[in-house]
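Hi there,

Here is the structure I promised to pass on to you. Have a look at it first, and then read on for what turned up.

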Amino acid sequence: ESEEEALARQPLSVTTVDTTEAKRAAADLGEVLAQSPGMTVRRTGALGSGATIALHGLQGAQVRLFIDGTPIDAAGYVGDLSTVPVNVVDRIDIHKGVLPIHLATDALGGALDLVTRAPTPGVHGSASLQAGAFGTVRGSAAVSVRPSDTGWFVRAQAFGDHAQNDYFVDVEVPNELGRLEEARVRRFHDRYRAAGGRVVTGMYGDGFVRRAEVHLFGNVLDNQLQHAPVMLTPYGGVVQRASTVGGTGRCEGQTEKTHVEAVASYAQIVAGLDDTSDCFFNWFGECFLERDPPGELGDATQTRF
């Protein structure tokens, strides 16, 4: 039986979402989850602006995210669910209520487990390229090698995202007399860039050790900030940055009556804010006044990687 059929027989409240059609339609994980019963995906903007997931009204820390049973923040993806390319996910297991013991955690709302495809014998590869409005380009590629006469395998994945996010918004700007009036302007400082890669190697066996693998990963993120949560003051030099590197080791053992699974993970995440601009910007992207001291959010802040 398949993994989906075995999962359906367990005494758990779990829904399996296949991502095959989403890959063909160039949809992202947020769009896939939004079509599932009980799921709500709220976005604060375009690509890179973040997405909040709610499961039957519960969200935040009450809904945990995993990739192959490993917490998403320890699996090499910075940001949120929107940073994970749909091309590397085979299916999504939505656990509601009590979580299975292999996830080794508990959450009031439930959990989402992004399951990647196990390497099949032979050489396989896939690639996708998506282009859209407002300078949006998303690409991903994956290749796996597993000789048919051995249990050894290796898989490599890479992705890259870019979005200018220069769409129009309705704001209020001062006229020649200093009075506020409505205007339709383009966002000029909302670019989003992210890239990353992952290499997985290991082996399958017929004895007690059924599967052993090692993951090595690294990701970077660069996200410009256009304004505060309330669109009153535009920013022209605030940039959020994050990077992560690390690895995960996994080993699964199986006997007739016992199943053992051990996971060890290490991830180093560096996140910071670059805010050193010495200008006051208006909604037209113009520097109309010098700022002293620099820093659009307050005191000047800079984090270097």
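A good place to start is L33: leaving aside its neighbours within four places in sequence, this residue is in contact with M39, V41, I53, L81, I92, I94 and L112. Please keep in mind that this is a predicted model.

L33 also belongs to the largest nonpolar core, which has 32 residues. Together with L29, V84, I92, I94, L112 and L114, L33 is among the members that touch the most other members of that core. Which elements give two or more residues to this core? They are α3 (29-34) and the strands β2, β3, β5 (63-67), β7 (91-96), β8 (110-115), β11 (152-163) and β14 (192-204). There is another core as well, lying apart from this one and made of seven residues, including Y167, V173, V185 and W283.

Two of the strands just named, β2 and β3, also appear in an open sheet. Its three strands come in the order β2-β3-β4, with antiparallel pairing. At the edges are β2 (39-43) and β4 (58-59), each of which pairs on one side only. Strand β3 covers residues 51-55, and five bridges join β2 to this strand. If you would like a spot to zoom in on, M39 stands opposite L55 in β3. M39 is also one of the contacts of L33.

Next, a hairpin. Strand β12 (residues 168-174) runs antiparallel to strand β13 (residues 180-186), and seven bridges join the two. Here F168 stands opposite R186 in β13. Five residues lie between the strands of this hairpin, and G178 takes a positive phi near 85°.

Finally, the cysteines. How many disulfides does the structure hold? There is one, formed by C279 and C287, with their sulfur atoms 2.2 Å apart. The torsion about this S-S bond is about -90°, so the disulfide is left-handed. Are its two cysteines buried or exposed? C279 has a relative accessible area of 16% and is buried, because buried means under 20%. C287, at 39% relative accessibility, counts as partly exposed. C251 counts as partly exposed too, at 33% relative accessibility.

I hope this helps you find your way around. Enjoy exploring!

Best wishes

Definitions and conventions
Residues numbered from 1 in each chain as written. Predicted model: local features only at pLDDT ≥ 70, side-chain atom pairs only at ≥ 80, totals over all residues. Heavy atoms only, no water. Disulfide = S-S within 2.5 Å. Buried < 20%, exposed > 50% of the residue type's maximum accessible area, 1.4 Å probe, protein only. Pairing = 2+ DSSP bridges. Helix = DSSP H or I, 4+ residues; strand = E, 2+ residues; numbered from the N terminus. Core = buried A, V, L, I, M, F, W, Y, C linked by side-chain atoms within 4.5 Å. Contact = heavy atoms within 4.5 Å.
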